[in-house]
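Thanks, everyone. Please have the sequence and the model open while I talk.

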Amino acid sequence: MGCMFSLPEERRAAAERAPTARETSFIEKMRKTGRNIVVFYGSQTGTAEEFANRLSKDAQRYGMKGMAADPEEYDMSELSRLTEMDNSLAIFCVATYGEGDPTDNAQDFYDWLQEGDADLDGVNFAVFALGNKTYEHYNAMGKYVDKRLEDLGAKRVFDLGMGDDDGNLEEDFVSWREQFWPAMCEHFGVEATGEESSIRQYELKVHDDLNMNKVYSGEMGRLKSFENQKPPFDAKNPFLAPVTVNRKLNKGGDRHLMHLELDISGSKIRYESGDHVAVYPINDTAIVNKLGAVLGVDLDTVISLNNLDEESNKKHPFPCPTTYRTALTHYLDITHPPRTNVLYELAQYASDPKDQENMRKMASSSPEGKALYQSFVLDASRNILAILEDTPSLRPPTDHLCELLPRLQARYYSIASSSKVHPNSIHICAVVVEYRTSTDRTNQGVATNWLKHKMPTANGHKSTVPMYVRKSQFRLPFKASNPVLMIGPGTGIAPFMGFIQERGWLKEQGKEVGETVLYYGCRHKNEDYLYQEELEEFEKMGVLTKLNVAYSRDTAEKVYVQHLLKNNKEELWNQVHTNSAHIYICGDARNMARDVQAAFHEIAEEFGGLTHTQATDYVKKLMTKGRYSQDVWS
């Protein structure tokens, strides 16, 4: 920087203020730090990123050096340069999101692969895919990356791994990884160093006399961003939306279904019907306090966890400096059953050798180890607190536990309003999650129980919810005159409240609006028929052409939405085949979405005279054309 002084004054000031330019070349970074393995992750909820970190840590055991990398931060066209390094390898841990789409952070990489005419000859690669079998496009992204890299000339050094979150994703990963490394040793002619010890990624620094204005208290990105809010608002900079309405929707039954309205006035946030609102919940303070007690730690200690790898883009596992209390409340997931690597790394802190052995066993791929993890952790729904309570000899240092726990994720809800009718308000419809476990504990869904208590004014203060909007592909037809068929039982009604409001608004604007038909379902007509008054009013006004409701528990035989579809086969075929209706499905992916699709296959066979294979293709084509859209979850 010898020429620094020749810069004009104002440019010099700007240059001093500018953050150091991020290294966008992963090749240069690998060179600089002597690494030969890069693990890219396509992650929406943090799991693929976690797996990538585990694989890059593994490399050390084989005398190699790995680094986990976010494809969004690097120039992916440099993949071809991997051949410049000896024994180099690119591993991809990629999740599929939405309707077979890449995760947000892998979108650019996906576009590059699609356009790509890159020559990846001689580049070694392996892919582990993360998905969920209940979805139509199971592991589409992982399969695509695996095939496309080969098409571009790269060399697959190990078979595509398929992780299924509907089954046991953790077990799928552990099994793949146990076969992957021996194959790599053989491929590169290296041997395991036998170093099975735990390798820390971060080191603890305790701050004794830090000004509390420098300490994070729950912000996601910029310090104090909750106190002085500045648009644009997104995942790193959520908007604190005041809750203006929070009411219970159901009239009876033992569940709590709720309708919330968030005020987005002055935020410049725009949304469209069909989008998702993401909210950042916080953990139950009772669980956080119990963790503090079990770990025997002062939760208000101010700490930083600093990456031991100076070169890493990830300086801390969560915003630091902060307190243990804030980390366990805002930043860490303490309620999901912990993954096996957490148990493995914590095992060393159990003073009872039997406990140590069991924890290591659960992390192994032996049949009895897998069975033990399945029964003790997964089937019993034990979170980290339950594991500590039921393993009295296990008392790990709080900082190591905080390093290992995954980040608490934002929760997505389908927006239940139309921005044409409610430009300054976003509506949420959700059911509170709560269940008893086999160990007689009550587990509560983090976000829904936190939302349930967000009353418009609490102790004279406005309740706020940190949120941002995520665009979706779930969209009303471009032409208002196209008929719309909506199928959404339970809280699957949410986006359709927005759709119906919007169709009503279009009608008021004098537009020619096609038929608007809803198939809704609930358990009992007089208990959990959500938005009954609104829906009946929309029908009376002619905004809803037809309102079909299935009550699954009011009759001896259960009646679901798919049964109502089968009662109207001819009419439905006519709407879809002749009148170009758009079909929308929202709600449970595991059973409902599948059964509804089967009903449409049946309709196409009976009234379209198609064979079963043709009927399946017919529905697939509707999907490709954007006329069969799903917003489903499991």
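I will go through a sheet, some helices, a strand pair and a few unusual backbone spots.

One thing up front. This is a predicted model.

Start with the sheet. Six strands, listed as 6 in the assignment, make an open sheet. The order is E14-E11-E20-E9-E10-E15. The pairing is antiparallel. Which strands sit at the edges? They are E14, residues 411–414, and E15, residues 425–431. Each of these two pairs on one side only. Ignoring direction, neighbouring strands in this sheet are turned by 40° against each other on average.

Now one pair inside that order. E11 covers residues 276–279, and E20 covers residues 464–470. The two run antiparallel and are joined by 4 bridges. If you want a spot to click on, take Ala278: it stands opposite Tyr468 in E20. As a reminder, strands of a sheet pair through backbone hydrogen bonds, either parallel or antiparallel.

Next, helix H15, residues 494–508. Does its length fit, or not fit, the residue count? At 1.5 Å a residue, its 15 residues should span 21 Å. The end C-alpha atoms are 22 Å apart, which agrees.

How many of its residues are buried? The count is 12 of the 15, so H15 is largely enclosed by the rest of the structure. The buried set includes Phe496, Met497, Phe499, Ile500 and Leu506. Gln501, Glu502 and Arg503 are also among the buried residues. Just after H15 comes Gly510, with a positive phi of about 85°.

Compare that with helix H20, residues 612–624. At 1.5 Å a residue, its 13 residues should span 18 Å, and the end C-alpha atoms are 19 Å apart, which agrees. The buried residues here are Ala615, Tyr618, Val619, Leu622 and Met623. Where do they lie around the axis? They cover an arc of only 145°, which puts them on the same side of H20. The general rule helps here: an α-helix has 3.6 residues a turn, so residues three or four places apart point the same way. On the other side of H20, Thr613, Lys621 and Thr624 are exposed.

What does the buried side pack against? Two helices are on the list: H18, residues 569–578, and H19, residues 589–608. Two strands are there as well: E24, residues 582–588, and E25, residues 628–633. Right after H20, Gly626 takes a positive phi of about 80°.

Stay with those two strands. E24 and E25 pair in the parallel sense, over 6 bridges. One bridge to look at: Asp588 has Trp633 in E25 as its partner. Of the 6 residues of E25, 5 are buried, so this strand is largely enclosed by the rest of the structure.

On to the loops. Ser393 sits between helix H12, residues 384–390, and helix H13, residues 398–404. Is Ser393 buried or exposed? Its relative accessible area is 14%. The cut-off for buried is under 20%, so Ser393 counts as buried. Its side chain has a polar atom 3.1 Å from the backbone nitrogen of Asp352. Leaving aside neighbours within four places in sequence, Ser393 is in contact with Tyr349, Ala350, Ser351, Asp352 and Asp355.

Two peptide bonds to flag. Pro231 and Pro232 are joined by a cis bond, with omega about 0°. Pro232 is in the loop between strand E8, residues 202–207, and strand E9, residues 239–248. The bond from Cys320 to Pro321 is also cis, with omega near 0°. Pro321 is in the loop between strand E12, residues 302–307, and strand E13, residues 322–323.

Last, positive phi outside glycine. Ser381 has a phi of about 50° and is not a glycine. Ser381 lies in the loop between helix H11, residues 367–379, and H12. At a relative accessible area of 19%, Ser381 is buried.

Asp440 is not a glycine either, and its positive phi is about 65°. Asp440 is in the loop between strand E16, residues 434–436, and strand E17, residues 442–444. Buried or exposed? At 57% relative accessibility, Asp440 counts as exposed.

That is my tour. Questions are welcome.

Notes
Residues numbered from 1 in each chain as written. Predicted model: local features only at pLDDT ≥ 70, side-chain atom pairs only at ≥ 80, totals over all residues. Heavy atoms only, no water. Pairing = 2+ DSSP bridges. Axes fitted to C-alpha atoms, helices over the stretch in contact; angles between N-to-C directions. Expected span 1.5 Å × (residues − 1). Buried < 20%, exposed > 50% of the residue type's maximum accessible area, 1.4 Å probe, protein only. Arc of directions from axis to C-beta. Contact = heavy atoms within 4.5 Å. Polar contact = N/O pair within 3.5 Å; in protein donor to acceptor, adjacent residues only side chain to side chain.
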